[in-house]
Amino acid sequence: PIYMQLVRFKVAWVITLLGISLFHGRAWQQGMFHDWNHYTALAAVSFILKSSCTMYLLAILDSMLKNIGEACTVLVTYFIVVFNPRSQDAYENETFIALLIVFLAVVAYLGTKDVVKKA
């Protein structure tokens with residue numbers, strides 16, 4: 001089952017991180033979360049959610065749907081960066097069109113996959 005695969009992955013991940021932190025003595029002397037601020041905690045939570053969702057999707061979806069999901073996340077990330085008021089990045093039409101072409105190419109391939117199989 002998928003939940004067992006996720007648990008095995010996360011247990012192996014935690015054991016590896018604990019092993020690495022044992023060799024880096026400063027982490028245990030100053031505390032594991034000594035240099036963390038709210039941005040670091042937010043990034044950690046975001047990574048944990050993303051990796052859990054990715055592992056779930058890897059078990060459920062086929063490869064093309066995973067590629068469409070990845071292309072969507074690239075587009076969403078682009079919009080978040082560009083339209084964030086604190087961001088210094090400006091909207092670039094060429095970058096958006098390039099991202100959109102990649103996304104539409106993946107969608108078009110998925111749409112024609114069944115037609116090619118029938119032919």
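**Figure 1. The fold, end to end.** Read from start to finish, the protein chain of this predicted model runs α-α-α-α-α. That makes five helices, with zero strands to go with them. Among contacts in the protein chain with a separation of 6 or more, 60% join residues 24 or more positions apart. Of the chain's 119 residues, 12% count as buried. The protein chain exposes about 9,500 Å², and carbon and sulfur atoms supply 71% of that area.

**Figure 2. How far to trust the picture.** Average pLDDT for the protein chain comes out at 76, with 87% of the residues scoring at least 70. Where is confidence lowest, and where is it highest? Helix α2 (residues 25-30) sits at the bottom with a mean of 72, while α1 is at the top with 80. A general caution goes with this view: where pLDDT is low, don't read the predicted coordinates in detail.

**Figure 3. The largest nonpolar core.** Eight residues make up this core: I68, A71, L75, Y78, V82, F96, F103 and V106. Two elements, α4 (63-83) and α5 (93-118), each give two or more residues to the core. Helix α4 provides the largest share, with five residues.

**Figure 4. Zooming in on L75.** This leucine belongs to helix α4 and is one of the residues of the largest nonpolar core. Is L75 buried or exposed? Its relative accessibility is 10%, below the 20% cut-off, so L75 counts as buried. Setting aside neighbours within four places in sequence, L75 is in contact with F96, L99, L100 and F103. Two of the residues on that contact list, F96 and F103, also appear in the core. For a backbone distance, take L75 and V102: they are 27 residues apart along the chain, and their C-alpha atoms are separated by 10.0 Å.

**Figure 5. I68 and its partners.** Here's another member of the largest nonpolar core. Which residues does I68 contact, leaving aside its neighbours within four places in sequence? The list is F103, V106, V107 and L110. F103 turns up in the contacts of L75 as well, and both F103 and V106 are part of the core.

**Figure 6. E70, out in the open.** Helix α4 also carries E70. With a relative accessibility of 51%, over the 50% cut-off, E70 counts as exposed. E70 and F103 are 33 residues apart in sequence, yet C-alpha to C-alpha they are 8.9 Å apart in space. F103, for its part, is a member of the largest nonpolar core.

**Figure 7. A nonpolar patch on the surface.** Now for the outside of the model. V14, L18, L22, F23, W28, M32, F33 and W36 form this patch, and together they have about 940 Å² of accessible area. Which helix gives the most to the patch? That would be α1 (residues 2-23), with four residues. One of the patch residues is V14, found in helix α1. V14 has 45% relative accessibility, between the 20% and 50% cut-offs, so V14 counts as partly exposed. Helix α1 is also where confidence is highest in the protein chain.

Methods:
Residues numbered from 1 in each chain as written. Predicted model: local features only at pLDDT ≥ 70, side-chain atom pairs only at ≥ 80, totals over all residues. Heavy atoms only, no water. Patch = residues over 30% accessible without salt bridge, like charges linked within 9 Å, V, L, I, M, F, W, Y side chains within 5 Å. Areas by Shrake-Rupley, 256 points an atom, 1.4 Å probe, with all protein chains shown as cover. Salt bridge = Lys/Arg side-chain N within 4 Å of Asp/Glu carboxyl O. Buried < 20%, exposed > 50% of the residue type's maximum accessible area, 1.4 Å probe, protein only. Core = buried A, V, L, I, M, F, W, Y, C linked by side-chain atoms within 4.5 Å. Contact = heavy atoms within 4.5 Å. pLDDT = per-residue confidence, 0-100.
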